[in-house]
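Welcome! Work through these exercises with the sequence and the 3D view side by side, and try each task before you read its solution.

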Amino acid sequence: MTTTLTPPPSPLEAMTPEQIESFGEEMDAIRQRLLADRGERDATYIRRMIRAQRRLEAGGRALLWAGVFPPAWLAGTAALSLSKILDNMEIGHNVMHGQYEWMNDPKLSGEQFEWDTACPADQWRHSHNYMHHTHTNIVGKDRDIGYGILRMSEEQPWKPYYLGNPLWAALLATFFQYGVALHDLEVEQPLGDEAERAEKRKLAKGIWEKVRRQALKDYVLFPALSGPLFVFPLAGNATANLARNLWAFTIIFCGHFPEGTHEFSEEETEDETRGQWYHRQVLGSANLSGGPLFHILSGNLSFQIEHHLFPDLPAHRYAEISVEVQEACERYGVPYNVGPLHRQFGSVVAKIFRLALPEQRPSVSLGLAGAGGAAARLGGIAKRAALRAIPGR
Amino acid sequence: MSPKLASPGRRLLDAFAGPHGIDGYLEQVDPLLVSDQCRAEVTAVERGTEQSVTLTLRPNRAWQGFRAGQFVQVAVEVDGALHQRCYSPASPEGRPELEITVKRHPEGLVSNYLVDRARPGAVLGLSAAEGDFQLPRPWPPSILLVGGGSGITPLMAILRTLFAQGYDRPVALLHYAPDPARAIYRAELERLAARHPSFRLLRSYTRAPGAGELDGHFSPRHLPQSEPRFAEAETFACGPPSLLNAVRETWAEGLEQRLHVESFVPPTLAPAGEPGEGAIRFAGSGVEVANSGASLLEQAEAAGVPAKFGCRMGICHTCTCRKLTGTHTNLITGETSSEPDEEIQLCVSAALGDLSLAL
């Protein structure tokens, strides 16, 4: 190993502090403009989505009641899958971010909304809105990096368990709603003191209650309505849950793991300014290109970059502001990662396989990192010291 | 809202319809079908004067009625957002329909919207009826009503209820308005006075001297003409603060128990103070502290009021809490709002003057 090799500069340090703050001010200006423009159009949009979801669900369940007829089963399963996808992504996820709180409608309050999936909404709001959105892509703080069971970053030290990375990923995708439900419980962490255990018992109870209610509805009550033909709605409901799981997993894993997104260390993100926070959100997120229907079904998480910059602004507006955001990123030289689903997801799958194996020893792995991998495996402090040694920086 | 204990049938329906509940589907058919929220459809709109509108409302089955004199909070959607305002129904007790009259306030978001744009078929939110300002049971032997501006509305409910139910003891109304054209319910009051000899109607038009039975703003000298034994009458006064202050002074010496007042202040006119002025009231915890000007989250923590929080930078909405009254400013954007009953983010909001939180 040669000591003359310098790690690639951290993307966080690609701009001067003044540039970063000016970038942040531009982002704040976009936010301000959208806030001032928020109104009836947004209220109408979310109500239309809710209306579509409730109709798809009612229609889907009615068709599945008569699911013994194959066309009814297929149409019913498709409608219910779409209903669950809309409910979870464009409605639930976004409403629970507080995107529609300004409407003062208790049914659209971020704090009260409950969604059609196994994860209790209040636990989601903690693990997602706070933990993930505040600490995006900070290894050790953002548990969305691998959901506690996958290795999605070189910064996570390899262990033999990760040989199963592709298998664990396939299982997580299949049972995604339960993976999300268990998220806040941090089951992979060692149990702490009695207070912590009591807290976890409380969380587990909440999860069990929600899982039970969801399962009762999809696997007992609605099938029971079909009497001896219960197996058709049962299979339809299970298929709809599976379809939603696979879709949500695909979209969500394309948000932060495609090639070119960055992870960060706790050290390098300490005492962040607002401008630095904005900068990190762009560096750690990736967009998906596609048509209007694709964006709706992804809950506009296809605009992951805009979502992470402005998590509490109505998501259907991300498309229109993405033009300005992208333009600003170009001007400041901030990489704006966007690509079609097959390409972004392809690179996520490649990463899942690649990270199943340990990296080579440092002399080689630095070369790998230089080829566009994430930040080098040196700690943030060492990295900063190295950067200071480069003349002109 | 009407808190109800769910019946087993209802619970089964909700288990089928979870997590949104059966109401989440019923309201897609008809917004009035919900049973967990009180809502009302506007069935008639009458623009009595240019400055006011009278709405007839048909509440859904969650409505549990009101006592004459009480008020309800009406939620009106303006540009996508619901705004709550208090209105006193003017209709008599015990009718299936409610009547509210809304007077335009020059800068009032909701009053302007309703006066200009309310239409039959619109759906409004309703709270349960509130307020101690109500006709006592049994009815008092004589009644004096003092009303100014839109403060006439709860007094109309009282008058209409009394006459609908055959009250024949002395009733007097001192009614203050700028001029006859702006006197809400003028025609109906004249009809009532003509029909019921026990009812004395005395009007004072403050900007049209000579047009009414009295002149000028309220003063004790208006009283002997209306109810010689006013000291014995149960008195109900409703109107702007200036009127109520004058009334309170007159009823000061030992007569306070006979006086019931209801203040009508347009909420948008609630004065905003400066950062660091006034007091923060945590209504849910019963704690009040002097406003230090810091973020409301920091002030809650300093006062020992348990507040949820997350990012502390206005992103995650963990600390979102209902502001009941007062003016707040967003520490990041500098925007201010005096809207009552509003969800705000404590970590990036500070109070301008007195402010009360549900926390």
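**Exercise 1. The interface.** How many residues of chain B are in contact with chain A, and how many residues of chain A take part?

Step 1. Get your bearings: residues are numbered from 1 along each chain as its sequence is written, while chains are lettered from A and ligands numbered from 1 in the order in which they are written. This is a predicted model, where local features need pLDDT of at least 70 and side-chain atom pairs count only at pLDDT 80 or more, whereas totals for chains, interfaces and linings use all residues.

Step 2. Two residues are in contact if their C-beta atoms, placed from the backbone, lie within 7 Å. By this rule, 21 residues of chain B are in contact with 32 residues of chain A.

Step 3. Find the elements involved. Helices (H or I, at least four residues) and strands (E, at least two) are DSSP runs, numbered from the N terminus. On the side of chain B that touches chain A, at least two residues each come from α1 (8-17), α2 (21-29), β4 (81-87) and β16 (342-345) of chain B. The largest share, 3 residues, belongs to α2(B).

Step 4. Sort this side of chain B by residue type: 9 are nonpolar, 9 polar and 3 charged. Here Ala, Val, Leu, Ile, Met, Phe, Trp, Tyr, Cys and Pro count as nonpolar, Asp, Glu, Lys and Arg as charged, and the others, Gly among them, as polar.

**Exercise 2. Confidence.** What is the mean pLDDT of chain B?

Step 1. pLDDT is the predictor's confidence in each residue, from 0 to 100. For chain B the mean is 90, and 94% of its residues reach 70 or more.

Step 2. For the complex, the predictor gives an ipTM of 0.85 and a pTM of 0.88.

**Exercise 3. Backbone angles.** Find two cis peptide bonds in chain B, then look at two residues with positive phi.

Step 1. Recall the background: most residues other than glycine have a negative phi, and most peptide bonds are trans.

Step 2. Between Gly18(B) and Pro19(B) the peptide bond is cis, with omega near -5°. Pro19(B) sits in the loop between α1 and α2 of chain B.

Step 3. Arg137(B) and Pro138(B) are also joined by a cis peptide bond, with omega about -10°. The loop that holds Pro138(B) runs between β6 (123-126) and β7 (143-148) of chain B.

Step 4. Asp271(A), although not a glycine, has a positive phi of about 50°. Its place is the loop between α8 (231-256) and α9 (274-283) of chain A.

Step 5. Arg312(B) is not a glycine either, yet its phi is positive, about 60°. Look for Arg312(B) in the loop between α9 (296-302) and β14 (320-330) of chain B.

Step 6. Are these two residues buried or exposed? A residue is buried if 20 or more other C-beta atoms lie within 10 Å of its own, exposed if 12 or fewer, and partly exposed in between, with C-beta atoms placed from the backbone. Asp271(A) has 5 such neighbours, so it counts as exposed. Arg312(B) has 18, so it is partly exposed.

**Exercise 4. A sheet.** In what order do the 5 strands of the open sheet in chain B lie?

Step 1. Strands of a sheet pair through backbone hydrogen bonds, either parallel or antiparallel. Two strands pair if DSSP finds at least two bridges between them.

Step 2. The order is β9-β8-β7-β10-β11 (chain B), with parallel pairing. At the edges are β9 (199-205) and β11 (259-263) of chain B, each pairing on one side only.

Step 3. Zoom in on β10 (residues 234-239) of chain B, which pairs with β11(B) over 5 bridges. There, Thr235(B) stands opposite Leu259(B).

**Exercise 5. A buried leucine.** Why does Leu296(B) count as buried?

Step 1. Locate Leu296(B) in helix α9 of chain B.

Step 2. Count its C-beta neighbours: there are 28 inside 10 Å, so Leu296(B) is buried.

Step 3. Beyond its neighbours within four places in sequence, Leu296(B) is in contact with residues including Ile280(B), Leu346(B) and Leu357(B).
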